[in-house]
Amino acid sequence: MSGLSPSLRVFRGLLKELREIHGTTYKNTLAYNYVIDQFRKNGVTGERQCRARQEALHLSQAYLCLLRSTREHLALHKLYHGKGDRGLAEMASLVGLRLPSQPGGKGWEE
Amino acid sequence: MLRSIVRLQCQLGSSRTLLKYCSRDPASNFSIQSNAYSSAMTERRKFYKDVSIAQGEGGVYEVHLDRRKLKTPGGKLFTVPNESLAVAVATEWDAQKETLKYYSMHLTTLCNTAIDNPTHRDKQQMITASLKFVETDTVCYRIDDPPALVELQKNEWDPVLHWIENRYNVEIGSSYNILGPEIPAATIDTFRQHLNSYNFWSLTGLEFVITQLKSVVLSLALIDRHLTVEEAVLLSRLEEEYQIERWGSVEWCHDYDMYELRARTAAGALFVQLSSEMSSVKRKLMQDC
């Protein structure tokens, strides 16, 4: 992996992220076609340095960072973010209590 | 008495969603816009299958969800100035699975802010707000106690500070004092002139990046392609990273924060570049080299 040029590494990273988002059908998406198109235009394997290519590289690195960080962030969010308040019965059972049950209802339900 | 309370609760139950929004922000009125914006953390069921983009009138791009046109929370038609941004926004909508997680759609949020301008500010007000951060810039405030951290701040922050001073020919400096360095008025003027050259959209993005990194120096270094997003975020969180190295990392706090900051910063930086450059300029430059 370290032998690859920086742009090729970003390119592969982007494809991996798009695959993560869309699964196996990722080749039919807008983003896939756009990324391929842009990298082809800017010559992925070219040796020559020029401003436009630097710009494109920086832009693609930022995009890769956006996709990757959003995925990682959402994974942590799913794992750790609170799901809201627990119900009364669930809360009571946490400390080993049970709500009293009244077979005939409490008298004021409709 | 009890019965009437129960009945009241039943009636309120139908408008529970509305109450939920209002309880978060007691000052919010009932206008559509404030409700739409305050629901940013809530999720909504995905109501579309296909996402596509189309070129509308005047060369701007629209995003279509199935056959419906995407609109902003303020009710305006969602349009972006170029194809790259439209594709990136469409990909965000396409990436949503069962529910729409608005809080993870940073590019969409930035576009909405630029289109709706919910705080009704003009360019000068945004520039002033951004430049407020120069006075309290993260990289200017140094600590003098644990020698290792002093060394780290010097080694990591000084190069960026020198770079920006040379690039814009300004004087910023750093300070161990709680009052921070004295920033000359000429420095602010230079930055103000520079920011004036940005259009409204890229200024929206730049201000967003500055408020995320808490640093004008790091933000400009990022936008000028001197730093990558990862580097800029690392430098912005330098003291935290030092403490993590010493005391250990807590995933649900440190990593969570870092990924969120990276995502937001990357979105802001992308937004600035995509909305300030047109692809025709790029192609012309390509022919020159």
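**Figure 1. The salt bridge between Arg225(B) and Glu55(A) in the predicted model****.** Arg225(B) of one chain pairs with Glu55(A) of the other, and their closest N and O atoms lie 3.6 Å apart. A salt bridge is counted when such atoms are within 4 Å, so this pair qualifies. For the interface of chain B and chain A, the rule gives 1 salt bridge. Polar contacts join 5 residue pairs across this interface, with both residues of each pair at pLDDT 80 or more.

**Figure 2. The interface of chain B and chain A****.** Here 45 residues of chain B touch 35 residues of chain A. The size of an interface is often given as the accessible area lost when the parts come together. Between chain B and chain A, about 3700 Å² is buried, and carbon and sulfur atoms account for 70% of that area. As noted for the previous view, the rule finds 5 residue pairs in polar contact across the interface of chain B and chain A. On the side of chain B that touches chain A, the elements that supply two or more residues are α1 (2–14), β2 (51–55), α4, α5, α11 (229–236), α13 (251–276) and α14 (279–288) of chain B. The largest share comes from α13(B), with 13 residues.

**Figure 3. The contact between the two domains of chain B****.** Domain 1 of chain B covers 9–22 + 30–116, and domain 2 covers 123–275. Each side brings residues to the contact: 13 from domain 1 of chain B and 13 from domain 2 of chain B. The area buried between these domains is about 1100 Å², with 84% given by carbon and sulfur atoms. In domain 1 of chain B, the residues that lose the most area to domain 2 are His106(B), Leu110(B) and Ala114(B), which together give 50% of what that side buries. The count of salt bridges between domain 1 and domain 2 of chain B is 0. The rule does find 1 residue pair in polar contact across this interface, both residues being at pLDDT 80 or more. On the domain 1 side, two or more residues each come from β5 (79–80), α4 (83–94) and α5 (106–116) of chain B. Of these elements, α5(B) gives the most, with 7 residues.

**Figure 4. The buried face of helix α6 of chain B****.** Helix α6 of chain B spans residues 123–135, and its buried residues are Met126(B), Ile127(B), Ser130(B), Leu131(B) and Val134(B). Viewed down the axis of α6(B), these buried residues fall within an arc of 125°, so they line one face of the helix. An α-helix has 3.6 residues a turn, so residues three or four places apart point the same way. The partners of the buried residues of α6(B) are α8 (185–196), α9 (200–213) and α10 (216–223) of chain B.

**Figure 5. Two loop residues of chain B with positive phi, Asn169(B) and Lys214(B)****.** Asn169(B) is not a glycine, yet its phi is positive, about 55°. Asn169(B) sits in the loop between α7 (147–168) and α8 of chain B. With a relative accessible area of 69%, Asn169(B) is exposed. Lys214(B), also a residue other than glycine, has a positive phi near 60°. The loop that holds Lys214(B) runs between α9 and α10 of chain B. Lys214(B) has 46% relative accessibility and counts as partly exposed.

Technical notes:
Residues numbered from 1 in each chain as written. Chains lettered and ligands numbered in written order. Predicted model: local features only at pLDDT ≥ 70, side-chain atom pairs only at ≥ 80, totals over all residues. Heavy atoms only, no water. Buried < 20%, exposed > 50% of the residue type's maximum accessible area, 1.4 Å probe, protein only. Helix = DSSP H or I, 4+ residues; strand = E, 2+ residues; numbered from the N terminus. Arc of directions from axis to C-beta. Contact = heavy atoms within 4.5 Å. Domains from an automatic or database assignment. Buried area = accessible area lost by both parts, 1.4 Å probe. Salt bridge = Lys/Arg side-chain N within 4 Å of Asp/Glu carboxyl O. Polar contact = N/O pair within 3.5 Å; in protein donor to acceptor, adjacent residues only side chain to side chain.
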